[in-house]
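Got the structure open in your viewer? Let's walk through it together, one selection at a time.

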Amino acid sequence: MVEVAALRSAARGASLNVVLQLVFRLSTFAVNALVVRLTSASMLGIVNVRLMLLYTSVLFLSREPFRKACLSVPQQEIHGEKWIRIVNLMWQVVPVGAFIAGCFAFVWTNFLEKPEDSLYDVAVWIFASSALLELLSEPLWVLAQTHLYIQLKVFAEGLALGTRCVVVVCMLLYNPEFGLWAFCIAQYAHSFVLLAVYY
């Protein structure tokens with residue numbers, strides 16, 4: 001009976017995830033079409049290529065090994081001493097992420113060719129710190145996945161992505177000169193909302 005409930009939960013979570021991804025891909029496309037009119041192509045290149053590459057690289061290299069290790073344990077075996085070890089392992093993502101974020105931000109600001117924007121160095125450190133902020137929610141993400149709280153993940157990611165889109169559009173509509181600051185604040189809002197929902 002437990003296996004049937006787990007399969008139902010997984011199927012419902014997968015369908016919610018597909019719907020969420022479709023809705024937010026379409027809405028992100030619409031928002032990006034508006035953002036293209038409000039900012040320059042070079043600004044979008046800096047954000048979508050350089051800064052998002054930094055952000056996703058830090059997250060991928062920091063959390064994926066821990067996700068694999070924590071979620072590879074069968075659910076029937078998670079109790080007592082083994083659960084304590086998994087919880088301790090989940091929290092290791094934060095110091096590892098801090099080290100990777102610091103190294104990558106240092107490389108991005110000192111060794112890669114810098115764009116003309118004077119706020120680029122600050123933006124790099126903001127995006128790196130937003131990745132670290134998001135990593136603080138990783139233990140709770142693993143906990144939610146372990147207990148099959150798929151709807152929490154879908155809600156958290158949807159709300160965070162929606163927040164990022166709204167913040168960028170509102171700031172650029174208010175003052176297109178915000179430029180890189182709008183994307184930095186939106187990225188930080190995204191990470192903060194994700195952290196707040198999981199906690």
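Start by colouring everything by pLDDT. This is a predicted model, and the mean pLDDT of the protein is 88, with 96% of its residues at 70 or more. Where is confidence lowest, and where is it highest? Select helix α1 (residues 2-38) for the low end, at a mean of 79. Then jump to helix α4 (residues 93-110), the high end, at 97.

Next, pick helix α7 (residues 150-174) together with helix α8 (residues 180-198). Their axes come within 8 Å and cross at roughly 155 degrees. Angles over 145 count as roughly antiparallel, and that is therefore how α7 and α8 run relative to each other. Turn the view and you'll find that α7 passes α8 in a right-handed crossing. Show the side chains where α7 meets α8: by class, this contact has 20 nonpolar, 3 polar and 3 charged residues.

Now for some rings. Searching the whole structure turns up 3 aromatic pairs. One of them is Phe-106 with Phe-111: the ring centres are 5.7 Å apart and the planes sit at 75 degrees, so this pair is edge-to-face. Switch on a surface, and Phe-106 counts as partly exposed at 43% relative accessibility, while Phe-111 is exposed, with a relative accessible area of 61%.

Last stop: select Tyr-174 and Phe-178. Their ring centres are 6.1 Å apart with the planes at 25 degrees, so this pair is stacked. Is Tyr-174 buried or exposed? Tyr-174 counts as exposed, at 68% relative accessibility, and Phe-178 as partly exposed, at 29%.

Technical notes
Residues numbered from 1 in each chain as written. Predicted model: local features only at pLDDT ≥ 70, side-chain atom pairs only at ≥ 80, totals over all residues. Heavy atoms only, no water. Axes fitted to C-alpha atoms, helices over the stretch in contact; angles between N-to-C directions. Helix = DSSP H or I, 4+ residues; strand = E, 2+ residues; numbered from the N terminus. Parallel < 35°, antiparallel > 145°, perpendicular 65-115°, else oblique. Left-handed = near helix turned anticlockwise from the far one by under 90°. Nonpolar A, V, L, I, M, F, W, Y, C, P; charged D, E, K, R; others polar. pLDDT = per-residue confidence, 0-100. Phe/Tyr/Trp six-rings, centres within 6.5 Å; stacked < 30°, edge-to-face > 60°. Buried < 20%, exposed > 50% of the residue type's maximum accessible area, 1.4 Å probe, protein only.
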